[in-house]
Amino acid sequence: MPKPSTALADQPSEGSRNKDRRTAVLQAALEVFAEQGFNGTPVPPIADRAGVGVGTIYRYFADKEALVNEVFRHAKRSLQSALTSGIKNATGPRQLFDNIWSRLVEFAREEPLMFRFLEMQDHGAYLDTDSKAVEAELLAPIIGALHGFREQGLVQTPMQTAPLIAMLWGGVVGLFKFERAGYYNLQEQDLNAARDTIWLAITAADASQNQSEARS
């Protein structure tokens, strides 16, 4: 008696194919948005990069804004996981700051497309309510850490929390943009020096020590 064919069982299901195509679209969108920005990216190049028709994209996403919001949320959640997983294990303010810095640098190294996409300045024009909520969730522990620094008398500058976060984020972004442009190959000592400079810029304790050493 002939053995029953297993060909149909071996074929991927329609649900699996849909998931794979959707994943391919999101990856292609991340790549193209990271290269060209949201405003400079029409839908057809994303479809070409994903190897699907333009109509396929609209099967999964209502429009380009819905697509970019999904890319944004995925990238932000990945950054959130990288930054905050186990972060409460830090034993003191300086260790906590160094931990956040090193995790941000590691994310920039290991997820260059997501990092480049997130560093772009045009997100605010299209973020929906869900994306704003994801961003707020990411920022909450960092805001909490900076508030803790201020309560402990460590914050030297009168600068508010939001600009302090921008300074931290912008410091890492600027360094990696500089490297990506081919001006310099970042070394570990460069990253550590930048970290220490930003810490000194926002903390009173280390700044006072620095001034004392300068006078002696």
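Is Arg 94 buried, partly exposed or exposed? With a relative accessible area of 26%, Arg 94 is partly exposed. The legends below describe close-up views of a predicted model.

**View 1. Arg 94 forms a salt bridge with Asp 98 and another with Asp 196.** In the pair with Asp 98, the closest N and O atoms are 2.8 Å apart. Both of these residues belong to helix H6, with a spacing of 4 residues, about one turn of the helix. In the pair with Asp 196, the closest N and O atoms are 2.5 Å apart. This second pair links distant parts of the chain, since Arg 94 lies in helix H6 and Asp 196 in helix H10 (residues 188-202), 102 residues apart. Asp 98 has a relative accessibility of 22% and counts as partly exposed. Asp 196, at 28%, also falls in the partly exposed class, which runs from 20% to 50%.

**View 2. Arg 73 and Glu 70 pair within helix H5 (residues 64-84).** The closest N and O atoms of this salt bridge are 3.1 Å apart. The two residues are separated by 3 positions in the sequence, about one turn of the helix. Arg 73 has a relative accessible area of 11% and is therefore classed as buried, the limit for that class being under 20%. The pair is part of a network of salt bridges that links Arg 22, Glu 70, Arg 73 and Asp 128. In the whole structure, a search finds 12 salt bridges.

**View 3. Helix H6 (residues 93-110) crosses helix H9 (residues 161-180).** The two axes come within 11 Å and cross at roughly 35 degrees. The crossing is right-handed. On the H6 side, the residues in contact are Phe 97, Ile 100, Trp 101, Leu 104, Val 105, Ala 108 and Arg 109. They meet Leu 168, Trp 169, Val 172, Leu 175, Phe 176 and Glu 179 of H9. By class, this contact has 11 nonpolar and 2 charged residues, and no polar ones.

**View 4. Phe 117 sits in the largest nonpolar core.** This core has 56 residues, and those with the most contacts inside it are Ile 57, Leu 67 and Phe 117. Helix H6 gives the most to the core, with 8 residues. Leaving out residues up to four places away in sequence, Phe 117 touches Leu 30, Phe 33, Ala 34, Val 68, Val 71, Phe 72, Ala 75, His 123 and Tyr 126.

**View 5. Glu 119 of helix H7 (residues 112-119) is buried.** Its relative accessible area is 4%, so Glu 119 falls under the 20% limit for a buried residue. When neighbours within four places in sequence are set aside, Glu 119 is in contact with Trp 169, Val 173, Lys 177 and Arg 180. The C-alpha atoms of Glu 119 and Trp 169 are separated by 8.6 Å, although the two residues are 50 positions apart along the chain. Trp 169 is also one of the H9 residues that meet H6.

Definitions and conventions. Residues are numbered from 1 along each chain as its sequence is written. This is a predicted model: local features need pLDDT of at least 70, side-chain atom pairs count only at pLDDT 80 or more; totals for chains, interfaces and linings use all residues. Side-chain values use heavy atoms; hydrogens and water are left out. Axes are lines fitted to C-alpha atoms, for helices over the stretch in contact, and angles run from 0 to 180 degrees between N-to-C directions. A crossing is left-handed if the near helix is turned anticlockwise from the far one by less than a right angle, and right-handed if clockwise. Contact means heavy atoms within 4.5 Å. Ala, Val, Leu, Ile, Met, Phe, Trp, Tyr, Cys and Pro count as nonpolar, Asp, Glu, Lys and Arg as charged, and the others, Gly among them, as polar. A nonpolar core is a set of buried Ala, Val, Leu, Ile, Met, Phe, Trp, Tyr and Cys residues joined through side-chain atoms within 4.5 Å. Buried means under 20% relative accessible area, exposed over 50%, partly exposed in between (1.4 Å probe, protein chains only). A salt bridge is a side-chain nitrogen of Lys or Arg within 4 Å of a carboxyl oxygen of Asp or Glu.
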